[in-house]
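I opened my notebook to record what I looked up, starting with the place where two chains meet and then moving on to charged pairs and a helix.

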Amino acid sequence: MKRYSVFAIAREAARYHMGWERAWASPEPRASYDAIIVGAGGHGLATAYYLGKNHGITNVAVVEKGWLGGGNTGRNTTIIRSNYLQDPSAAIYEKARSLYETLSQELNYNVMFSPRGLLMLGQTHHEVRGYLRTVHANALQGVQTEWISPQRVKELVPIINIDGPRYPVLGALYQARGGTARHDAVAWGYARACSAMGMHIIQNCEVQGVRSENGTVTGIDTSRGFIGCRKLGMVVAGHSGQLAEMAGFRLPIEAVALQALVSEPIKPCMDVVVMANTVHGYMSQSDKGEMVIGGGTDGFNNYTQRGSFHHIEETLRALVETFPMISRLKMLRQWGGIVDMTGDRSPLISKTPLANCFINCGWGTGGFKAIPGSGWAMAELMAKGEPGPLAEDFSMWRFKEGRFIDESVAAGVAH
Amino acid sequence: MLILTCPCCGVMADETELSPGYEAHLKRFGPGSTPEEFEAYMFARKNPKGVHFERWRHTYGCGKWFLAARCTATLEVFGTYPAQVSEPPADIIARIQARRPDWKADWQPDGKAPK
């Protein structure tokens with residue numbers, strides 16, 4: 001791997017940019033690997049990367065049915081925050097956020113992490129109490145957040161209307177070190193680093209079956225033939241249920257569509273991320289100037305990667321009250337992603353009923369922000385066969401044991 | 001927009017008029033069952049990519065619960081039927097089989113998942 005640097009740019013500029021090499025190789029699959037990761041999205045690639053970097057396991061393949069980063073990694077609203085209420089959530093999301101801070105340097109790939117600050121608006125008294133509780137919890141967890149006044153919100157977000165008739169802004173949960181990153185670059189950066197470690201990234205290779213002997217995984221049948229493995233990691237988000245079915249178990253997960261949309265590009269007008277959970281909308285401005293807007297999930301099982309149109313209307317209607325200036329904006333694109341929702345809205349990073357088969361899924365509507373921490377924890381689980389401190393609470397058996405990590409009631413998330 | 005015909009009142013209802021209730025035909029396990037049975041009933045879900053049977057409520061209409069057969073991969077609706085049954089009725093099954101010749105019913109009379 002040739003390092004990217006200012007000297008590399010100068011060198012290539014002098015020879016018409018003919019010397020750039022491909023960021024990652026596309027090798028033919030070997031007969032078997034020490035570990036196979038299914039799913040070359042952010043979480044899968046991060047898992048592979050930390051398997052190599054933290055645990056020295058580099059005989060690894062990452063198989064992907066489509067193209068790299070083409071699922072939810074390329075379909076989210078790129079928000080990064082860690083202001084969760086429950087301790088296990090705060091720990092793993094804060095780990096992820098702190099890894100994002102130095103990810104560009106570590107991967108030698110600009111993921112454009114922008115810690116621009118993130119506001120979660122309190123628009124009902126109930127919500128205010130919930131967020132005050134979160135602020136106190138975060139203080140104990142070592143996550144830096146604060147409660148700020150409506151006036152401070154107005155200073156940070158001049159385009160906001162804090163005196164809305166239905167939902168006035170009563171304050172906000174502010175995480176100054178939250179922000180956004182370039183979603184594709186996160187996948188590309190990890191892929192490049194994995195490829196440089198000798199790992200195989202095999203795209204257009206769909207898993208069609210999981211083989212096992214005596215309750216231990218032995219490999220996967222794919223559209224490019226059988227590939228053996230000693231350890232298997234399933235990191236496929238929306239399609240986790242299908243893969244689990246192949247491996248012979250069921251998950252506490254329903255797949256539903258979550259939508260996002262962007263407006264036409266406009267001049268810089270908002271340099272923080274604003275989430276308005278009461279009215280189900282969140283918005284930030286991309287570097288291109290588009291307003292990036294996310295809303296609520298549909299409430300029924302869906303694999304079509306497009307959501308219900310009325311949700312767009314609801315999201316925009318809510319945001320127009322809080323941001324009157326966007327009422328004249330034209331929306332350019334809308335898309336959906338299939339998110340894997342667990343009952344408690346917290347992920348699974350877990351062993352499975354099949355030995356040496358591990359699963360990382362259930363990130364639901366909040367996966368992008370977790371990518372580095374999720375990969376870190378999943379790699380530890382796969383390398384050691386037992387979960388480390390970040391993953392131990394996210395076992396799939398927590399439902400049987402009643403140990404929910406209840407972020408859906410904690411209202412740390414918008415859904 | 002998903003449109004389902006409520007079998008209770010006969011209205012063709014937009015999804016904005018309905019509330020989704022997720023997987024249908026769950027067999028309930030309560031006191032006296034094993035933790036595994038209770039967990040499977042309470043949390044484990046089929047979540048299929050393809051033919052799915054769901055509970056819906058005609059919230060902003062007659063208010064009744066009903067069941068729907070739908071394809072989660074294409075959003076095709078095969079039909080709706082009243083909720084007071086433990087299995088989909090024969091006409092719904094026939095309609096699904098006509099549209100999805102490869103589809104096999106994935107339940108057993110005892111409510112357990114097939115091996």
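I looked first for a charged pair across the two chains and found that Glu254(A) forms a salt bridge with Arg45(B), their closest N and O atoms being 3.8 Å apart; a salt bridge here is a side-chain nitrogen of Lys or Arg within 4 Å of a carboxyl oxygen of Asp or Glu. I noted that side chains of opposite charge can pair when their charged atoms come close. The count between chain B and chain A is 2 salt bridges, while the structure holds 25 over all chains.

I wrote down that this is a predicted model, in which local features need pLDDT of at least 70 and side-chain atom pairs count only at pLDDT 80 or more, whereas totals for chains, interfaces and linings use all residues. Residues are numbered from 1 along each chain as its sequence is written, chains are lettered from A and ligands numbered from 1 in the order in which they are written, and side-chain values use heavy atoms, with hydrogens and water left out.

Next I looked up the extent of the contact (heavy atoms within 4.5 Å), and it takes 26 residues from chain B and 26 residues from chain A. Chain B and chain A bury about 2,200 Å² between them, 54% of it on carbon and sulfur atoms; buried area is the accessible area (1.4 Å probe) that two parts lose on being put together, summed over both.

Which residues does Glu290(A) pair with? I found that Lys288(A) forms a salt bridge with Glu290(A), the closest N and O atoms being 3.9 Å apart, and that Arg333(A) forms a salt bridge with Glu290(A) at 3.7 Å between the closest N and O atoms. The latter pair links distant parts of the chain, with Arg333(A) in strand β16 of chain A and Glu290(A) in the loop between β14 and β15 of chain A, 43 residues apart; strands (E, at least two residues) and helices (H or I, at least four) are DSSP runs, numbered from the N terminus.

I then checked how covered these residues are, taking buried as under 20% relative accessible area, exposed as over 50% and partly exposed as in between (1.4 Å probe, protein chains only). Glu290(A) is buried at 7%, Lys288(A) is exposed at 60%, and Arg333(A) is partly exposed at 41%.

Last, I turned to α10(A), where 11 of its 14 residues are buried, including Ile371(A), Met378(A) and Leu381(A). Just after α10(A), Gly385(A) takes a positive phi of about 80°.
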